[in-house]
Amino acid sequence: ITVILVIVFLALPYAISTLYTGGIGGRRAFKETPANYGIAFEEVEFKTTDGLTLKGWYLPQDGANAKGTVVYCHGLFNERSELLDQAVYMHRNGFRGLLFDFRRHGKSDGDLITFGYFERQDVEAALGYVTSTKGETGPIILWGISMGAANALLAGAEQSSVGAIIAESSFYSARETLGQDLKRMFRLPTFPFAGLIERITEWRTGIDLDVLDLGKAAGRLENRPVLLVGGTADIRMPIENNTRIYNAIPGNAKEQYIVQDAGHADAWRIATDTYKTRVTTFLQNYGLLGPPNSAPE
């Protein structure tokens, strides 16, 4: 009985925590680069404040014609090329770009995933690279998907250099998402497993899951233009997440774009042309298209 209890209430939560924080299996590798689309790019790397080296691609533009810079933030267990199509579109319409691998993803350093707690430092380092190393002054836009969307919102609430945020399929809080996943993926009751996994994860990674509350972060995004994107068929991150985040953002510099029948992080594929138009309208609404004759094609 003791062995069974240890397995059920200690070993199983520990294994699930390890799975979530990236301690099992390899890393996803990109199959395409900007060169596949005829776009010149630089292989770059930069350091986080806690000493990790992050790897990425920088897509330059002619200085006189550049409209701004987009920093792209991929999702959990993915890598920099997840947003390559979006980066190609924006680059062809005058925007510089930085696509990079978060810690413990792709070719970047790191052993643990912390859902945004330390990844905020990764976004901060990416912003520092484009502002300090490349000398860019903006506008700088964060565009993220899933975990990357949450990271963009969390970092945007803290970094004054962020001019706008496009966030697709973000979670609302790490604790809430964990509880939902336990029932949906593992068929386990929230009590007592959610609390056990949360405490084990915080102990293993040195994080505080209460920080990963997008409702609280959203409250610090007043007058920071935000476009929230989601799909009606997303069971991983329900569209209600966006509505709650939207309602938590003070002021009127916020928009929602809902894609019918799109699943998790699938809105671009389902509605590419409409998505492009929605992004264009969003940028125009807040004066983020740069010099004259700058509306994306």
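**Close-up views of Asp-122 and strand S6**

**View 1. Contacts of Asp-122 in the predicted model.** Setting aside neighbours within four places in sequence, Asp-122 is in contact with Phe-46, Thr-48, Leu-54, Phe-100, Phe-102 and Arg-103. Asp-122 lies in helix H3, which spans residues 119–133. Its relative accessibility is 0%; because buried means under 20% relative accessible area, Asp-122 counts as buried.

**View 2. Burial of strand S6 (residues 164–168).** Of the 5 residues of S6, 5 are buried, so the strand is largely enclosed by the rest of the structure. Both of its faces are covered. On one side the buried residues are Ala-164, Ile-166 and Glu-168; on the other they are Ile-165 and Ala-167.

**View 3. Pairing of S6 with strand S5 (residues 140–145).** S5 and S6 run parallel and are joined by 5 bridges. Within this pair, Ile-141 stands opposite Ala-164 of S6. Between the two strands the chain passes through helix H4 (residues 147–156), and the resulting β-α-β crossover is right-handed.

**View 4. Pairing of S6 with strand S7 (residues 226–231).** This pairing is also parallel, with 4 bridges between S6 and S7. Ala-167 stands opposite Leu-228 in S7. Ala-167 is one of the buried residues of S6.

Key
Residues are numbered from 1 along each chain as its sequence is written. This is a predicted model: local features need pLDDT of at least 70, side-chain atom pairs count only at pLDDT 80 or more; totals for chains, interfaces and linings use all residues. Side-chain values use heavy atoms; hydrogens and water are left out. Buried means under 20% relative accessible area, exposed over 50%, partly exposed in between (1.4 Å probe, protein chains only). Two strands pair if DSSP finds at least two bridges between them. A crossover is right-handed if, with the strands pointing away from the viewer, the path from the first strand over the helix to the second runs clockwise. Contact means heavy atoms within 4.5 Å.
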